[in-house]
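User: Got a minute to go through this one with me? I'd like a quick tour.
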Amino acid sequence: MRASRLTEKPSLCLALVGCVFAALLAGCGEEPKTPPTRSEAGAARPADAELAQVYDNSCKLCHANPSAGAPLTGDIKAWEPRVLQGADTLLDHAINGYNGMPPMGMCMQCSQEQFLALIAFMSGQQIQ
Ligand code: HEC
């Protein structure tokens with residue numbers, strides 16, 4: 001009895017430590033997602049080098065700048081209702097502009113595929 005208790009303890013302890021750690025890292029389960037800070041939004045870059053270059057020279061100027069009024073890169077909450085509009089509307093707004101969002105998002109050479117990839121990257125969500 002005693003012996004088995006002793007062997008169980010460390011694993012329970014590890015599990016607790018693991019969960020606390022995971023909570024710190026990601027916000028366990030259904031914790032409210034906090035919007036990214038300016039430096040978090042500014043540090044995020046697409047994995048693809050070419051896309052990252054495009055992003056740095058256009059979208060990032062506003063989408064990593066809280067005072068621009070644009071949904072910030074990585075701010076899942078801010079992007080969610082926009083993403084729900086679907087790929088067609090998002091593309092239309094990216095290409096033709098939408099309120100403070102300039103036509104082509106200042107990337108005149110961007111293809112439709114690149115716009116969709118950039119939106120998916122910034123929103124952290126799949127665009128369909
Ligand atoms: C000059 C600033 C600026 C730049 C550069 C910019 N955006 Fe935006 N973007 C905005 C603002 C402001 C909004 C919010 C518009 C609103 O909802 O009123 C926005 C919104 C959007 C939306 C959401 C539109 C919707 O239907 O809700 C998409 C998609 C988007 N931007 C994509 C891009 C992409 C892709 C790039 C880079 C190629 C880019 N933006 C570059 C300012 C910018």
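User: Asp75 first. Is that residue buried or exposed, and why?

Analyst: This is a predicted model. Asp75 counts as buried because 21 other C-beta atoms lie within 10 Å, and the cut-off for buried is 20 or more.

User: Where does Asp75 lie?

Analyst: In a loop. Helix 4 (59-63) comes before that loop and helix 5 (76-83) after.

User: Which residues does Asp75 touch, leaving out those up to four places away in sequence?

Analyst: Pro35 and Pro36.

User: And how far is Asp75 from Ser123 in space?

Analyst: The C-alpha atoms are 6.6 Å apart, while the two residues are 48 apart in sequence.

User: Zooming out. How many helices and strands are in the chain?

Analyst: Seven helices and zero strands. From the N terminus the order reads α-α-α-α-α-α-α.

User: What share of the chain is buried?

Analyst: 22% of the 128 residues. Asp75 is one of the buried residues.

User: What about contacts between residues at least 6 apart in sequence?

Analyst: Of those, 60% join residues at least 24 apart.

User: Switching to the ligand. How many residues surround it, and which are closest?

Analyst: The shell has 27 residues. Cys59, Cys62, Asn99, Gly100 and Gly105 are the closest.

User: Which helices each supply at least two shell residues?

Analyst: Helix 4, helix 6 (87-96) and helix 7 (112-123).

User: How does that shell divide by residue type?

Analyst: 17 are nonpolar, nine are polar and one is charged.

How values were computed: Residues numbered from 1 in each chain as written. Predicted model: local features only at pLDDT ≥ 70, side-chain atom pairs only at ≥ 80, totals over all residues. Helix = DSSP H or I, 4+ residues; strand = E, 2+ residues; numbered from the N terminus. Buried ≥ 20, exposed ≤ 12 C-beta atoms within 10 Å, placed from the backbone. Contact = placed C-beta atoms within 7 Å. Near = placed C-beta within 6 Å. Nonpolar A, V, L, I, M, F, W, Y, C, P; charged D, E, K, R; others polar.
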